[in-house]
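Let's take a walk through this structure together, one part at a time. Have the sequence and the 3D view open as you read.

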Amino acid sequence: MDVLTPRTLDDALALKAEHRDAWPIQGGTDVLVALNFDRARPAVMLNLNEVAELRGYERADGELRLGAGLTYTELEHGPLRDELRALSEAARTVGSPQIRNRGTIGGNLGTASPAGDAIPPLVVEGAEVECASVRGTRRVPVAEFVTGVKRNALEPDELVTAVWVRPSNAAQTFMKVGPRNAMVIAVCSLALSAGDALRACFGSASPRPVLVTAPLDEAATFAERVAEAAAPIDDVRGSAGYRRHALRVLAERALKRVVL
Amino acid sequence: MRVTVRVNGETRQADCWEGESLLFALREKLGLPGSKNACEQGECGSCSVLLDGVLVCSCLVLAAQADGHEVATVEGLADGGELHPVQQAFVDAGAVQCGFCTPGLVVAAVDLLRRNASPSDDEIREALSGNLCRCTGYVKIVDAVRLAAERA
């Protein structure tokens with residue numbers, strides 16, 4: 001096993017081109033669990049902690065470019081919380097303070113779990129993932145970037161370098177069902193916004209993110225439509241039937257929070 | 001690989017396996033067993049340390065990622081024979097039973113009180129939500145953090 005620690009983005013991309021099977025590691029909240037439990041022994045790990053270009057965020061032409069290394073803590077407490085309200089609320093539900101201090105938005109996308117808490121709010125806001133390699137960069141809408149359960153659209157030489165989002169300023173919220181308020185992998189979750197239209201995306205209820213939209217005047221039937229769009233499964237955290245029911249309840253509550 | 005870390009103000013070196021956690025390096029290579037090893041998946045908080053002043057689970061940090069960085073562990077809190085005020089408050093409030101979770105809780109409480117000198121009970125509970133204690137039911141632990149805040 002080898003740990004490579006590039007100091008610049010150019011070096012990181014060159015190393016990823018050279019070691020296409022290298023595992024990127026940022027906060028480590030997923031990778032270390034795999035290592036500690038002997039579930040994976042990647043030949044090469046690409047430690048991205050020292051790449052300054054991946055940190056923080058910047059503004060460009062009305063858009064926000066969130067660095068892949070932006071942490072949940074920064075989303076929860078930082079200056080973006082009012083502009084990206086649902087994402088900030090979702091960030092606060094992730095793990096614990098310790099996990100939120102390390103876990104990053106880029107890691108959440110790279111892992112591409114159906115339970116990834118950042119994903120529903122990003123889909124609702126129409127965000128795009130910046131994928132970069134030595135060949136160049138491209139942008140992929142979040143809902144297309146997640147191609148299946150823990151699968152993503154990255155090419156072997158690419159890294160997630162940023163997330164682009166144009167804040168809608170729509171009223172929005174995030175809700176999550178779990179056995180307690182901390183340290184919970186979502187049984188199911190929901191991001192919902194009401195701007196020019198109703199938009200919703202759920203977590204832990206389908207293999208890929210699904211965006212559900214409707215005109216504002218169809219709020220009365222929207223919760224039902226959200227529940228119908230889900231494709232939940234039975235697993236250790238909950239049954240498919242419970243998840244579908246809970247999504248309907250979450251959507252009703254979210255509508256009350258943002259519309260009424 | 002050789003990892004160089006500044007731990008509790010002292011520069012230390014350790015030869016680590018590339019896939020090794022910072023927690024393992026602290027406990028097994030650097031002789032600092034105060035940070036406890038329990039869940040190894042960031043669920044219990046008993047391995048909490050400060051990495052460059054940020055509260056983290058050391059079981060989820062690669063030792064290699066700490067190379068060139070600063071780590072503060074529970075061993076660095078007491079001043080010689082004198083307990084850190086948060087440690088003393090844990091003793092005085094009766095917040096320690098079996099003691100296994102105590103180092104992580106103390107480090108998390110120190111982190112909270114540095115950022116927020118007079119936290120509400122809700123803020124204390126949220127700040128300690130990543131630290132599991134299976135003995136106390138948390139009441140005395142919250143009392144201890146409140147006591148430490150009042151004495152400061």
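Among contacts in chain A between residues at least 6 apart in sequence, what percentage join residues at least 24 apart? The answer is 63%. Before going further, keep in mind that you're looking at a predicted model. Its scores are ipTM 0.97 and pTM 0.96.

Let's stay with chain A for a moment. This chain contains ten helices and 14 strands. If you lay its C-alpha trace along the principal axes, it spans about 55 × 45 × 30 Å. A compact globule of 260 residues would have a radius of gyration near 18 Å, and chain A agrees with that because its own value is 18 Å. As for what is tucked away inside, 51% of the 260 residues of chain A count as buried.

A good place to see that burial is helix α4 of chain A, residues 85-92. Seven of its eight residues are buried, so the helix is largely enclosed by the rest of the structure. The buried ones in α4(A) are A:R85, A:A86, A:L87, A:S88, A:E89, A:A90 and A:A91. And what do they pack against? Their partners in chain A are the helices α3 (72-77), α5 and α7 (119-124), together with the strands β11 (171-177) and β12 (188-194).

Now over to chain B. Here you'll find five helices and five strands. Starting from the N terminus, the order of elements is β-β-α-β-β-β-α-α-α-α. The mean pLDDT of this chain is 97, and 100% of its residues reach 70 or more.

The C-alpha atoms of chain B fill a box of roughly 45 × 30 × 25 Å along the principal axes. With 152 residues, a compact globule would have a radius of gyration near 15 Å; chain B fits this because its value is 15 Å. Buried residues account for 47% of the 152 in chain B. Of the contacts in chain B with a separation of 6 or more, 59% come from residues 24 or more positions apart.

Follow chain B to helix α5, residues 139-151. This helix has 13 residues and reaches 18 Å from its first C-alpha to its last, close to the 18 Å expected at 1.5 Å a residue. Which residues of α5(B) are buried? They are B:I141, B:A144, B:V145 and B:A148. These residues cover an arc of only 95 degrees around the axis, so they sit on the same side of α5(B). That buried set packs against α2 (85-93), α3 (102-115) and α4 (121-127) of chain B. Turn to the face pointing away from the buried side of α5(B), and you meet the exposed residues B:V139 and B:E150.

One of those packing partners, helix α2 of chain B, is home to B:V91. Is B:V91 buried or exposed? B:V91 is exposed, because just 12 other C-beta atoms lie within 10 Å, and 12 or fewer is the cut-off for that label. Setting aside residues up to four places away in sequence, B:V91 touches B:L83 and B:V96. Its C-alpha atom is separated by 11 Å from that of B:V106, 15 residues apart along the chain.

For a contrasting spot, look at B:S21, in the loop between β2 (10-15) and α1 (22-29) of chain B. B:S21 is buried, because it has 27 other C-beta atoms within 10 Å. B:S21 and B:C57 are 36 residues apart in sequence, and their C-alpha atoms are 9.9 Å apart in space. Leaving out neighbours within four places in sequence, the contacts of B:S21 within chain B are B:S58, B:C59, B:V61, B:L62 and B:A63. B:S21 is also in contact with A:L32 and A:N36 of chain A.

That brings us to where the two chains meet. In total, 23 residues of chain A are in contact with 23 residues of chain B. On the chain A side, β1 (2-4), α2 (31-36) and α5 (97-102) each supply at least two of the residues that touch chain B. The most comes from α5(A), with five residues. By type, the chain A residues touching chain B divide into eleven nonpolar, ten polar and two charged.

Note on methods. Residues are numbered from 1 along each chain as its sequence is written. Chains are lettered from A and ligands numbered from 1 in the order in which they are written. This is a predicted model: local features need pLDDT of at least 70, side-chain atom pairs count only at pLDDT 80 or more; totals for chains, interfaces and linings use all residues. Helices (H or I, at least four residues) and strands (E, at least two) are DSSP runs, numbered from the N terminus. The expected span of a helix is 1.5 Å times one less than its number of residues. A residue is buried if 20 or more other C-beta atoms lie within 10 Å of its own, exposed if 12 or fewer, and partly exposed in between; C-beta atoms are placed from the backbone. The arc is that of the directions from the helix axis to the C-beta atoms. Two residues are in contact if their C-beta atoms, placed from the backbone, lie within 7 Å. pLDDT is the predictor's confidence in each residue, from 0 to 100. Ala, Val, Leu, Ile, Met, Phe, Trp, Tyr, Cys and Pro count as nonpolar, Asp, Glu, Lys and Arg as charged, and the others, Gly among them, as polar. The radius of gyration is taken over C-alpha atoms; the globule rule is 2.2 Å times the number of residues to the power 0.38.
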